[in-house]
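The following exercises concern a predicted model. Each one gives a task and then a solution in steps.

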Amino acid sequence: MSFAGRWSTSFGPMVLTQDGSRVRGSYGREVTEHPIEGTVAGGEFSFRYSEPQERGTGRFKLRRHGRFTGDYLAEGSQRAMPWQGWRDCDGLWDTQLGRLRLVQETPERVFGFAEYDAAVRIEGQFEGGRLTFTLEAGDFSGRGVLDLDPTGYALNGEWLEAGQPARALAGQRILPRPGLVWLVVVEAYWQRALDDNEFAFGSMLKELFARLPRVQVRHRFYHDEISLLHWCRQLLYLPEPAVLMLAGHGEPNGLTVNGQIIPVGRILDGLRYADGLQLLHFSSCLVGQDSERALIAAPFPISGYKTSVDWAMSAFTEFIYLDMILEKGLAPAAAAEQLVSLVRFAGNEECPGSPYRPAGFCFFGS
C-alpha cells in the first residue's frame, strides 16, 4: 500500500505523492496551502509540516487502503494531537439511512455497517469516483449508487429499496471534533443479591474526569454477551479517539456474567473496525491468561490483569493509568511503562510489608 493519492483529513484535503520511501505533498482548504514531507518505513510516514503560524512533526500509520491514523506535535507543544485521514469512501458518514461506517480495504472493495441496525451489511464496488452497493438486513434489502464529491467530504446518489421507487440519498463525512476524546466504561452489575450495596467503577471515573472538558465520559451496563457486544459496537460510530474500559468479573479466557463466559475473541471481533479505539482496558481479574496470542494480535493496544486483583488496587491503578492517558497526554504504551514504576503494586513486584499482593498489570500492543 502507498500513501500516494488524495485524502480527506482532520485538517482539510491532502494530496500526497510517493517515490520509494520519500513522500511529499500539501494540505489545507485550497489543498496547496501547507507543505508536508517525510519518509515511509514499515507502513509509517514520519513527516514535517509547515503553516504560517505553526510548524512541527508527526507520523501517520496506514491501516488499510482508505485509512490512516496518526498524530502531530507542534513546535513548543508538549502534547501530540490526533490527525486522521480517509481515502475514497472510507470513513463515517451521516446519511438518510442513519450513520454508516464504510471500510475500504482495497481501491475497489467497500463494505460497511449501519448504526441503527446491527444486522445491516453493506457490500460495494468503488470505481471512477462512484460507489455501487447493496444493503441487506434479514428480509430487508436494497441497492444504490453514491458519487464521491471531488472534495472527498460528501456523497450524493440514490437508494432503491426492494419494491419501492428510487429515493435520493446523500452523505456528509463526519469529522472528529479537535481535541475531544471519549472514555467509555461498559460495566457488569457487581451486585448479586438485593441486600448488596450498589457501587460501580464507572461512577467513580465519571466524577474523576468531569474536571476535563475535553474528555467525554459514557457509562453503560451489560448483563449478557448481546448487550456487551452492542455497546462495543457503538465504538464504530464515534469519530473521535476513544478509550474503552470493560469492567466486570473475569476468567482466564474472558468475562463472566450471569454464569456465562464471554470469550475475549468475540469482544475483539466486535471492535475490529472501531478505528478510533486508542486502548481497550479490562478492569477485571485474570483476563488474558489464556488469550495472550489474541490480545497481542489485536489492531489496538490492550491492557488488564493476570491476577485476582483487589478492588481498591485496581481503582487506584486505573485512576493513575487513565489520567496519564486522558489528562497528561501520554500514549497508552508510555503510560503502561510509567505505571509499574509509579504504582509499585500494579506490576509483579512484591512490596515488603504491604497488605496488597502484586496486581499483575500487563500491556499488549505498541
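**Exercise 1. Determine whether Asp275 is buried or exposed, and describe its salt bridge with Arg101.**

Step 1. The relative accessibility of Asp275 is 4%. Buried means under 20% relative accessible area, so Asp275 counts as buried.

Step 2. The partner is treated in the same manner. Arg101 has a relative accessible area of 4% and is buried.

Step 3. The contact itself is a salt bridge between the side chains of Asp275 and Arg101, with an N to O distance of 3.7 Å. Asp275 belongs to the loop between helix H3 (264-270) and strand E24 (277-283), while Arg101 belongs to strand E11 (residues 98-104); the pair therefore ties together parts that are 174 residues apart in sequence.

**Exercise 2. Classify the partners of two further salt bridges by exposure, and state which residues join Arg101 and Asp275 in one network.**

Step 1. Side chains of opposite charge can pair when their charged atoms come close. In the model, 20 salt bridges are found.

Step 2. Arg167 and Glu161 meet through their side chains in a salt bridge of 3.1 Å, N to O. The relative accessible area is 42% for Arg167, which is partly exposed. Glu161 is partly exposed as well, at 22%.

Step 3. In the salt bridge of Arg344 with Glu349, the closest N and O atoms are 2.8 Å apart. Arg344 is partly exposed at 40% relative accessible area, and Glu349 is partly exposed at 43%.

Step 4. The network is found by following shared partners. Salt bridges of this kind join Arg101 and Asp275 with Arg64, Arg67 and Asp90.

**Exercise 3. Work out the strand order of the open sheet that contains E22, and describe how E22 pairs with E23.**

Step 1. The open sheet is formed by three strands in the order E21-E22-E23, with antiparallel pairing. Strand E21 (250-251) and strand E23 (260-263) are the edge strands, each pairing on one side only.

Step 2. Strand E22 covers residues 254-257, and its antiparallel pairing with E23 runs over four bridges.

Step 3. Individual positions can then be matched across the two strands. Gly254 is opposite Pro263 in E23, and Leu255 is opposite Ile262 in E23.

Step 4. The connection remains to be examined. The hairpin of E22 and E23 has two residues between the strands, and Asn258 in this hairpin takes a positive phi near 50 degrees.

**Exercise 4. Identify the buried side of helix H6 and state what packs against it.**

Step 1. Helix H6 spans residues 332-342, and its buried residues include Pro332, Ala335, Ala336 and Leu339. The arc that they cover around the axis is only 100 degrees, which puts them on the same side of H6.

Step 2. On the face of H6 turned away from the buried side are the exposed residues Glu337 and Ser341.

Step 3. The buried residues of H6 pack against E24, helix H5 (311-326) and strand E26 (361-364).

**Exercise 5. Assign a geometry to two aromatic pairs, and describe the setting of each.**

Step 1. A pair of aromatic rings is described by the distance of the centres and the angle of the planes. The whole structure contains 28 aromatic pairs.

Step 2. For Tyr49 and Tyr72, the centres are 5.9 Å apart and the planes form an angle of 85 degrees. Planes over 60 degrees apart count as edge-to-face, so this is the class of the pair of Tyr49 and Tyr72. Tyr49 in strand E5 (residues 44-51) and Tyr72 in strand E7 (residues 67-74) are 23 residues apart, and the pair links distant parts of the chain.

Step 3. Tyr49 is buried at 3% relative accessible area, and Tyr72 is buried at 14%.

Step 4. Tyr189 and Phe221 form a stacked pair, with 4.3 Å from centre to centre and 5 degrees between the planes. Here the linked parts are the loop between strand E18 (181-188) and helix H1 (201-209), which holds Tyr189, and strand E19 (residues 215-222), which holds Phe221; the two residues are 32 residues apart. Phe221 is partly exposed, at 28% relative accessible area.

Step 5. Finally, Tyr49 and Tyr72 are placed in a wider group. They belong to one aromatic cluster, whose members include Phe3, Trp7, Phe45 and Trp83.

Definitions and conventions:
Residues are numbered from 1 along each chain as its sequence is written. This is a predicted model: local features need pLDDT of at least 70, side-chain atom pairs count only at pLDDT 80 or more; totals for chains, interfaces and linings use all residues. Side-chain values use heavy atoms; hydrogens and water are left out. Two strands pair if DSSP finds at least two bridges between them. A salt bridge is a side-chain nitrogen of Lys or Arg within 4 Å of a carboxyl oxygen of Asp or Glu. Buried means under 20% relative accessible area, exposed over 50%, partly exposed in between (1.4 Å probe, protein chains only). The arc is that of the directions from the helix axis to the C-beta atoms. Contact means heavy atoms within 4.5 Å. Rings of Phe, Tyr and Trp (its six-membered ring) pair if their centres lie within 6.5 Å; planes under 30 degrees apart count as stacked, over 60 as edge-to-face and the rest as tilted.
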